[in-house]
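Hi,

Here is the structure I promised to send over. Have a look at it first, and my notes are underneath.

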Amino acid sequence: MTLKECFEMFGGDYEGVISRMLKEERVKKFILKFKNDPTFDLLTRSLEDENYEEAFRAAHTIKGLCQNLGFERLYKSSYEITEALRGGKKPDSDSYYQQVKTDYEQIVCAIELLDQQ
Amino acid sequence: MEKRKVLIIDDSELNRGILADMLCDKYEVLEACDGSEGIDVIQQYGSELSIILLDLVMPNVNGFDVLQFMNREELINNIPVITISSENNPETMHRSFKLGSTDYITRPYDETIVKNRIHNTIMLYAKQQKLIDIVAEQIYEREKSNDLMINILSHIVEFRNGESGLHVVHIQIITEILLKHLIRKTDKYPLNISDIIMISSASALHDIGKISIPDEILNKPGRFTPEEFAIMKTHSAAGAKMLSQIEIYKDEPLIKFAHEICRWHHERYDGKGYPDGLKGDEIPISAQIVSIADVYDALTSERCHKKAYSHEKAIEMIMNGECGTFNPILLECLVECSDHIRSSLLGETDERRDIISISKEAEYLTKEVLKNENIV
């Protein structure tokens, strides 16, 4: 599987990320790192612990990473949960998190496939 | 050439990694995982850091706290900061600019844009620093030749007086120390660092009027008769008159300060001095300071009619009012600077004018120029 095919699997902006980061190996290197990034786990844990300030920071970080890595779907859902959590508020629905989780798992799954080659 | 240092402060390791990867071929990249670690690195490296890339949303100590710290420590003018937060609401951006951030790089990072913005910001700051250094160098050269001429002139007077040339050096050192302390203590006297350097240069000329006193009086061993003392006392007005007759330079601040000092360095705070009997702050602050420095140095020097008193004894005598009355705030300065004065006078063989005050003056002047030209 090529990097481009990997991006297609989760609806990422492959052309955009290559034009900004200039090198395919660089994009691949950071995509593989994303799989082990602790921020999603931090978001999950903070929500369980009802620590909404920590959850806000985690969601915010995920949002920023998605912008850089061209993860468009996860960017949209992490943006929405960030705004729902802003100011340490409890989100008014669990659906924000569920959407982030779905988008995140889709990406990780595609990256796993890329990594297995 | 050594690579310039870039500090990235961001709590996301992956984000730091992306930036570091873009920058590491051209810069030495330092990383900090939150605001407090960032502050530690800033304290360690200071202005060795060419630029700081700062995230805003971080646990504990956030990006705004780092900017506030840099403002408090006056580092914000020397180290450029580019904000790299993914917050892109105008309010957050405004706040970071207000706290002194130079630029704001939004996500997604585009390598070409990131590199160019960092490079341009570093160059801008480096050019300004270079300008400050050039101005400092020129001021230093100018001050040096100024000082040289003033010292030759004042030494001629001092040698005729049979005093060592150290007297004027001492007066200059004490004047500078007291003035610097005074402006930290109170804003009552509006003096900037440039005025202070000028006043301490001019202080060397305080006794030039003695050139008009006949030898046999000037160098008389033992006490003066009342008539002789009356002639001696004319030296302050005589010095001032000589300076006021230098027509072409009469508007120079150095001449203005030297004139104040010559004419009024024997006035007393209680109005009982000469030649004009000025009282309190009617006496210009330059002359008040030189007066106290002159008394201190007279006490601690050996003269034909007396031995030298110790530093401690001299301070004690001045504080007890045995040698005239002085502005209370200057007496406070004298006590508070006592150790500094003693150690500076002992180290008088070293470079007297410290290069730091020259470069401070240069920085001040450069900023004034930029402000007047509406450049900043």
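Below is what I found, starting with chain B as a whole and then going to one helix and the contact with chain A.

Bear in mind that this is a predicted model. Chain B has 376 residues, and 34% of them count as buried. Its secondary structure comes to 16 helices and 5 strands. If you look at the contacts in chain B with a separation of 6 or more, 66% are between residues 24 or more positions apart.

The helix I spent some time on is H14 of chain B, residues 328–336. Which of its residues are buried? They are B:Leu330, B:Cys333 and B:Leu334. Looking down the axis of H14(B), those buried residues fall within an arc of 100 degrees, so they line one face of the helix. That fits the usual helix rule: with 3.6 residues a turn in an α-helix, residues three or four places apart point the same way. On the other side of H14(B), you'll find B:Pro328 and B:Val335 exposed. As for partners, the buried residues of H14(B) pack against four helices of chain B: H6 (166–185), H12 (285–300), H13 (311–319) and H15 (338–346).

Now for the two chains together. On the chain B side, 15 residues are in contact with 17 residues of chain A. Helix H1 of chain B (residues 13–23) gives the most to that side, with 5 residues. By class, the side of chain B that touches chain A has 6 nonpolar, 5 charged and 4 polar residues.

Cheers

Conventions. Residues numbered from 1 in each chain as written. Chains lettered and ligands numbered in written order. Predicted model: local features only at pLDDT ≥ 70, side-chain atom pairs only at ≥ 80, totals over all residues. Contact = placed C-beta atoms within 7 Å. Helix = DSSP H or I, 4+ residues; strand = E, 2+ residues; numbered from the N terminus. Nonpolar A, V, L, I, M, F, W, Y, C, P; charged D, E, K, R; others polar. Buried ≥ 20, exposed ≤ 12 C-beta atoms within 10 Å, placed from the backbone. Arc of directions from axis to C-beta.
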